[in-house]
Structures are given as C-alpha cells and as structure tokens.
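The following exercises invite the reader to study a structure element by element. Please examine the sequence and the model before turning to the solutions.

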Amino acid sequence: MDAISFATGARAASLRVKQLRELIHGARIGHPVAKTARVTIRYRDDEEHDTSFRRSISGDSSEYHINGEHVTHSKYMEELEKVNILAKAQNCLVFQGTVETIALKDPKERTKMFESISQSRELAAEYNKKNDAMLRAKEDTQFHFSKKRSATVEKKQVSQEKIEAEKYQAVLDELYQKRLQLGLMELYHNERTIHKLSDDLKEKQQTAAAKTSTVKTWEQKVKTLKKEHGCLSREQQHIDKELCTQEHILSQCMSKYIKAKINSSHHMKKAEELRTKLKKNQKLVVIKEQELVEGQQEIIEMEKTWRKYERQEQEVTRGRDIELDQDQFERYKELKEVSRKQTAVLRQQVDRLHWEVKANYAKIALDQRRRKEVEVAIRNNHTELEDLTHRAEKLEEYTKTCQSATEEYCQQEKNLSTELRQVHQRSEEVKQDLRQVVEELENASLDSHESRRQLRRKELLEKLHRLYPDTVYGRLCDLCSPIHKKYQLAVTKVFGHFMNSVVVASEKVARDCIQFTKEELFEPETFLPVSYLDVHPLNERLREMTGVKMVVDVVQVNTPTLATQMKKVIQFVCGNALVCETIKEARSVAFGRLERYKTVSLDGTLFSKSGVISGGSRDLQRKAYCWDEKEMRKLKERKDQLMAELSELMKLRRKESDLKQVIAQAQGAQTRLKYSNAELDNIRKNKILRCQADISHLESDLTNLDSEIQMQEDSVDVKAVEMKKIRDQINQMEDLVFSDFCAEIKVDSIREYEQEHVKQQTEQEKKRLQFEAQVAYLNAQLEYGQEWLEQQKKELHHTREAMDKEQKAVVEHRKDEEKLLAAVEVNQNNILDLKNQLLAKENQVLAAKTELDQKIQTLQEINKELVKLQQKVMSVETAWEQKCLSRHNLLLDCKIQGLPITLLSGSLDEITQVQLDSESGSTGTTMDLFEREAQLIIDYSVLQEEFRNLQDDEEVNSCLEKLKDSVTSIEEVLNRTAVPNLKALEKMREVREKLHGLMEAFDASSKESRKCSQEFEEIKGRRCQLFSQCFEHVSVAVDHIYKSICRNSSAQAILSAENPEEPYLGGISYNCVAPGKRFMSMDNLSGGEKALAALALVFAIHSFRPAPFLILDEVDAALDNSNIGKVTSFIRHESSRNMQIITISLKEEFFSKADALLGVYSDVDECMCMFSHILTLDLRAYPEVEEDGRKQTDTSQDSQSSA
C-alpha cells in the first residue's frame, strides 16, 4: 500500500515517514540496501496502449518519469488525473482500519472529500478571492454613497451659516467696544487704589520692624533659658536612666537571693528530717540491743534451772524404784524379750507415730514462734505505714500550696510577658510608622512651622467650631479634594475665591459668624450657607462627551456624613465646568462647538463662556498646595500621636524588672514543688507500696502459719488416737505374757511396775522437750533481732551520710545567700542615693521651667502685639497684591481678548512672556512681575470722561456693574445664539469641490462592484456545477449500491447537504438504515453495519470517477460471514462489469471468492538481505460448487436478521 501510494504521488507524511529516504529497505535500522529506490505503475487503456508511471527516490526528494521521460511533479499528477487517479482524494486506495472512519467522518470532512473527488476544491482559492473582492467593492460603494449624501447635507448647512455669520459679526463688534471701556475703567481705578495702598503699607512696615527687633531680643533670652532647662532635663533623664539600671540590677539580685534562700531552706528542712529519723532509729537500736542482752540472759537462767531440775529428779527416782531379785529380774527380761518380739511390729508403729507426733509438736512450736514474730513485724509495718501516710498528707498539702503559688506566679509571668510582648510589638510598629511619617514629611519639605496668618485663620475656624459645633462644617478645601493629584490645579482654578470658604448650614449661622469675625478683628472670610445657595441643575449631556470630565466628577467628599450637603456646595462652586487634558482640547471644547462651555485644562488655564481666558500662575500653584498641606497636617497630627504613644510604651517597658522578679519566684516555687513531688512520689510509689506489700506478705504468711498449725494439731490428734489403739493391743499381749509374773510380784499388771519407772522418765522427757522448745524460740528471736539490728545500723550509716551531705549544702547555700543579701543591700543604698539626686534635680528643673514660662509668657504678649501689627501689614500687603494681581489679570485678559489698549510705555507682549514664565516662579519673581507691570503706562484718553471723573468707590462700583451688565447681556445674546461659521464662503467652495469628487468616486466604485459580482457569479457557477455533479451522482449511486450489498430493497443510504444552494460551504451528512431496523445515527450502528455503509460510499464515489483499480486493505475485519458473503457477491458482480478490485484479506470466506490469489513472502539471499517474492494462483479454473448452497444459507440468514 505504501509503495502504491508513493507511486501515485503521496507525500512523505502520508507514508508514515519523515523523509523519503527512510522508505528504502534497511534505512530504518541504519543499513539501507541502496541509495535510491523506485516504484513503477503500468497502465493499459482500452486500446491496449501501455503507459508507465515511475517515481524514484533521490536523496530527500523525488524524481518523476512517464514512459521513461523525466517530468515535473505537476505534469506527473496531471497525467494521473487523466486516468482518474487522484492522489489527494486517494480514490483508488482504502487503507487498513479506515473503513469505519469513512462512515464516521465529520460532515465538514466529508465535504472536503467530495470537493477533492469533484475537483471543485481547486476553485476554492479563486472563489474566496472573488468573494472578498466583491464584498470590498460593495463596501466601497456604500462608503462613497454615504459620503455623497453627507456632502449634500453639508452644502445646505454652509449656505445657512453664511447668513448667520454676518449677523453675528455685528454683535461681536459692539461687544468688543463695551469690553474695551470696561477694561480701561477697571485698570484706571485699580491703579489709583494701588498708589494709596503703597503709601499705607510703607508706614505700617516701619512700625512692625521696630516691634520685630524687640521680639528678637526677648527670643534670645528665652533661647538661653531653654538651653539651661534642656541641660537640666538631660541630667535628670540621665539620673532616671541610671535609676532604672540599678532597679533592674536589684531585681536580678533579689531573684537570685530568693532562689538561694529557697534552696537553703529546702536543704535545712531535709537535713532536719534526716536528723529526726536518725534519732528515732538510734533509739530503736538501743532498745533492740537491750532486748538481745535480756534474751541471752534469759537463756542462761533457763539452762541453770534445767540442770538443777535434773539433779532433783535423779534423787527422787532413787528413793521410789521397786527392787527385784536377780531371778525375777532375769525372768522379767526374758518375758520382756518375749513380749517385745510378739509386739515388735506394733512397737515399731508406735515408735514411728511417736516420732511423727514429736516432730509435729516441734513444728507446731516453731510455727508458733514464727507466728509471734510475724505479728510483731506486722505491727511494726503498720506503725511505719501510718508514719508514711501522715508524712505523705503533709507533703501533699505543701505540694498544693507550692502548686497554687507556682500557678499564681506563672499567671503573673504570662500576663506580664503578654503585656511586654504587646508593648515591644506595638513599639516596633509605632517606630516604623513614625519613621515613615518623618520620611514623608522630610520628602515633602513641609514639616515646618505654619505662618502666623495661617495660624490666625486656623484659630478662627476652631473658635467657630466651638461656638457652632453642628452647623459650621469647615473650609471647602478641607471638606473635599480632587480624586487625583493631576486635577489639583484645575480644581483650584475652578474653585477660585471659594477655595478657603467656610461651609455652614444656614444663612443665619453665616451672618453670626461674620459678626463674630468682625468683633474679634479677624481677616474677612467667605461663608457658603448650604440652605441659602442657589444651585442650578447639572447638564447631564456633558458627561457623555468624550475626552472631557465634569469638574464635579473629579472632586470627592472627604467626610461621608456631609456627602449630601457637600455635593450641593460643589455643584454651586463648579457648575457645569469641564476639565480637559491639554489647553488645545480645552479651547476646542470651549469655543469649537455650537454652544460655548466653561472649560479648564490640567495646567489651570480657564476658558469662560464669555471668551475670557485666564492662565495658571504661581499664586494658583500656591493655592493648590493646600491639598498637600492637608495631608501634611494629618501627618503632623499622626506624628504627635505616635510620639505620645511611644512615650507611654517606654514607661510600660519598666515592668521588665517585675517580670524577672516574678520569674525568679516562680522558679523557686517550681524547685520546691519539684523536690516535694519527688519525695511524695518516692513515699507513695516506693515506701508506702513496699510497706503495704510487706504487710500483705506477712499477713499471708500469718494465714499460712495458722493453717499449718491447725493441720499439725489435727495430725497429732489422729496419731494420738492411733497410738492409743496400738498401745492397747501391746498391753493386752503383754498381759498374756506377764500374767504369772505379775501374780508373783503382786501387781495387777506389768505396767504398774514399769509406770513407776517409766513415768518418771516420761515427765523428764516432757520437761526436757519444753526446755528445748523455749531455748529454740529464744535463739530464733535473738537471731532475728541480730539481723534487724545489723540492717538498722546500715540504714543509720546511710542516713548519717545523707545528713552530713545536706548540712554541707546548707552551709554553701548560706554563704551564697549572705553574698547575695550584701549585693541587694548595696543596690538598695545606690537606688536611695539616686532617688535623692533625682529629687534635687527635679527641683532644679522645676525652678528653671518656672522662670522659662515667665519669660515665654512675656515674649508671647510681645508676639501678640507684633502679630497684630503684622496682620495689619499683611492685610494691606494682601490688598496691594490682590490689586496688583487684579491689574495683571486685567492686562492679561485685555491681551487675550485682543482689546486695542494704547500704552505710552511698554508693550502687552511682555505680559504674555511673563505669564508663560510665572508658572514656576517664586514670590520674588511675582514682585518683579508687578514692578515691571507698574512701568507699563496706559493711555486712558480713549476712556470716556465721565468714567475718569468718578471718585467715590460706590459710584465706581455702580458704574462697573452697569458696564458688566451691558457686556453680560450682549454675551447672553451671543450665548443664546449659536456661533456661526465665520468662514462660510470659503467652506462653501470647499464643499462644492468635495461633492464633485465624491460623485466621481461613487460612479467608479459602482462600476467596480458590478464587475466583481459578475466574476464571482461565474466562478461560483463553475464550482457549484462540479460539486453538484459529483454529489448528485454519488447520492443516487450510494443508495442503489447499499441496497445491492444488503440484498434488500428496504435498506436506505442517504446523503444530505446542510447548505443546498452552496453545498461545498456546509457539511454533508451520511446516514444508513439497515434492513428491518429503525433509523439510527451512524455512531449507533454496529461495526459490520458501519463497514457496509462505508463500502457503499466508497463504491459510489468510485463509480463517479472510476479509477483504473481499487485496492481494499482488510475491509472485512469487522464483517461476519454473512456480510462477507454479501460484499464478495457485490464485488464479483461489479468486477465482471467495470471495476478492477484488489483486496487484502486474512479471512478464507473472503479471499476464496477471488478470481486469483497473490501471496507475498520474504526470502534471504546470499548476502543475508531480505527480499519479497510473490506467488500467484488463478482460481477461475475452479468453479464454486457450493455457491447455490451458500446462497441459500445467505438467504436464510437474511430472513433471520430481518425477523
């Protein structure tokens, strides 16, 4: 398949390689068998004429040959298209695994496939080009038509403007004459007032200078006293600092002293406890030694008594014995021997029982002695347990006391630590904020003292606030501010003389404030009563203008509670004024429209409706500083607050000494608590438990001893009864043996004789056993006492060593305690001395402060007198400056308005130059400006005589008002009248020429539009014809082929175009209805159904432009045997008529129906190179025998599937 694709002109990307040379055999493993390779296709037409197409690999490119002749790629592809082989559409190849993708293609992709088959895609670029050209031509035509219509309307307007311009010019001439008289009158009377103010100013300045020299003398005295007071204050601070240091050292020494005292008291207490324990144990040892001596003495006395008893018994026995003669005694022995033999077994049993009873008695005696010892040990352990319990209770109470003290100290430490941490944190924050505020003040260079005039005005506002707290709101510049710094000059210019006005609630409040100002001799102030203001509504249309903003929109209110009142005030002050970025834009908005507007640029240049233009100046910039001064005032207030807060925080930091003392006390309490807990745990977990375990063990031993004693006594009783029975038997046997002998010696039984003799021995034996038992008990008691005594001596030795160790520790801690106490006393003495020094220094500072206050008070009184003089000077100076500034503005307005003022000296051109330089000038520059302007001498001969002869200010003002009203009335007429175009004649000529040019352009664009439409329709028809021929043919053929493949007329295959008029612009849908099933989308069909639908579409497309061959690669992968039979039948039927089909298949059901088989296999030559070989087999000689049977099977399967 790759080889055929290569020969039909496919690109490298379609051949699954990056470069064509990788197609050479062995190239992928790095060992190509050759440098070049080629594939040739031979085509034979109906006239038996052969044509060979060969494509070969040459490096990374290809060479093309037709019948051995080298041709270009385009020629090669053109010749292949002549035989209906389309490389782009791949109409002769169906690759492996692509059958279902053909059926499931996107409608747009299916449209592209039809365009490739129909070759209408070749016209797509030209179609798009013509379409774009047509659209552009139509847009140009519409554009020129709109221009033509606008030019016609403009022509009518210009003719009307010509008539209006003539009327408007006459009104302007009258306005200029009125303005000239007004300007000259204002300048004339302004100059006369300036001369009067200059004389008054010189007189007041001389008086103020004399008072200033007096103030300087007193200031020098105050400065000297301030230096002395500062030195004393610094000495006081130094002593205070040294006092804090000594207090800190004292707190450290105190904490160490308390800790040492606690440790020494703890060790003393422990040594006292060890001493008490030692005395108690020594007393017990002495008592025990006395008991041991008495026990040994008792044993000696018992041995003497026993020896005396034995001597007495021997004397008594010799007096009572019965005497037998020799024969009787011999006979007694013989009979005794006979009875012994007869009772030997019984006597052995009696002896055994006797010894067992004896052993039991000895065991009972020993157990009883052990029982008494255990009871004594239990009593001793109970006593010790009570002592330990009592001591544990005392330690527990002491531990609770220490615990509560520790918790209290810890809580104090926690509270102090939290407070100090907060103080430290807040101190750092305050210092950071203070540094930032100071840095901002330094950067602004505004951290300076306010002028006396500003202080006076501030004082007035504060007094008014106190008198009318709810109705005096504040100054306008303080209550609002520009939203951005760039608007400061513009807003300042619009605010004008209202900048520092005081906003009040009502007219009554304003009148009261004015009266108060006059009484207190303050400077005149402007008041804005909110309820009395006549506010005109805003023109909302101005907000829709591009590139400009209303001034009321760039001013924000700083106090939210006064938002409603301040909006009214701002609207009154600003009106409908507009703010623009540049002077050019402001002039254009003000004068370049039908209606004039009041506009201001960002640099402060104001354009009024009357045509007056006032530019920015240094005074304007100075006024604009108030916005920054407000921020600076806030920063200064913030600085004072931070300094006060920092001072309070530094006082709180002195609690660090208290914290250290509390920490030392807490550590001492924790040490005591630690030792107490350790000793308490030792008593509870070790001593008490060990004592309780000993008591439990001893009680268990006591119970065991009682049970053993009881068992031994029971055993003795049983054995005594058994011995009695056996002795009775022995007595009976002895009576039989000694019956004659007893009669001879005249006794009832031989036992009477023996009892006399044996009874004595028995009693002796009994007493001897008692003696031995008592001696054994006393020896055991002595042995136990010796062991206990040794143990107590060892414990005494350890206790004495521990006591010595604690006494040594007490001595060491006593020494440390004495050293620390001495250090504490030294620090206390130092602190006392420092406090005395501090008190003396405070008295000196107080005295210096009193003297300084007196001097300052005197200086303040002199300063008040000087301030009053300076206020008068400043008021006169301000009035003079205002008049000079007014003269400057009048001259500037005359220059801007172009009034024909005649100057006897100087020129108005100087005003323009000065105005341009004065924006960044200083006060000195302003004064120079006024002096230069004073040299300008104006010729007032043009001014009417009646205006020059006016003397009274009221007459002058009245006359000025009349002139202004006259000018205003004319301006109102002009404002009501739309400004005509004064260049209407020139514009009329331009409009006519413009209209003629637009007519010609419109005709040319219309002609071009018609031409582009014709060309587009032509290419559209050709493209639509090619695509429709292919689409209509395939639409009919695919349904017929699908019915043939399915062998059922109910099967349907439908092709539908989304855009019927131009189907190549939309998608093409393809749906199939399988026989006996409802309509479903292609995605819901089974794999076999999708494969049949795809094959039907492939065969239908092939029928439109049949290629010489059609190669199918494993298209039967998803088909079952039934569908394979349908496909093979259709292929055999079609191949016999007009198709040459080659199929690649691995299923026998498919390739067994072919006319011939081609088998491909690999082989290796002598060079170990792999080659492909082909085997062929012609099957036409082998007819299909089972064809009918299979057809019947297929028919039955079709019927089953239909069911």
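Three exercises with worked solutions follow.

The model is predicted, so that local features need pLDDT of at least 70 and side-chain atom pairs count only at pLDDT 80 or more, while totals for chains, interfaces and linings use all residues. Residues are numbered from 1 along each chain as its sequence is written, and side-chain values use heavy atoms, with hydrogens and water left out.

**Exercise 1.** Determine the strand order of the open sheet and identify its edges.

*Solution.* Strands are DSSP runs of E with at least two residues, and helices are runs of H or I with at least four, numbered from the N terminus. Two strands pair if DSSP finds at least two bridges between them. The four strands follow the order 1-2-3-4 with antiparallel pairing. Strand 1 (38–44) and strand 4 (69–71) each have a single partner strand, so one side of each lacks a neighbour in the sheet.

**Exercise 2.** Describe how strand 2 and strand 3 pair.

*Solution.* Strand 2 (residues 50–58) and strand 3 (residues 61–66) are joined in the antiparallel sense over six bridges. Within this pairing, Phe 53 stands opposite Ile 66 in strand 3.

**Exercise 3.** Compare the expected span of helix 4 with the distance between its end C-alpha atoms.

*Solution.* The expected span is 1.5 Å times one less than the number of residues. For the twelve residues of helix 4 (residues 107–118) this gives 16 Å, and the end C-alpha atoms are 16 Å apart, which agrees. After helix 4 comes Gln 119, with a positive phi near 65°.
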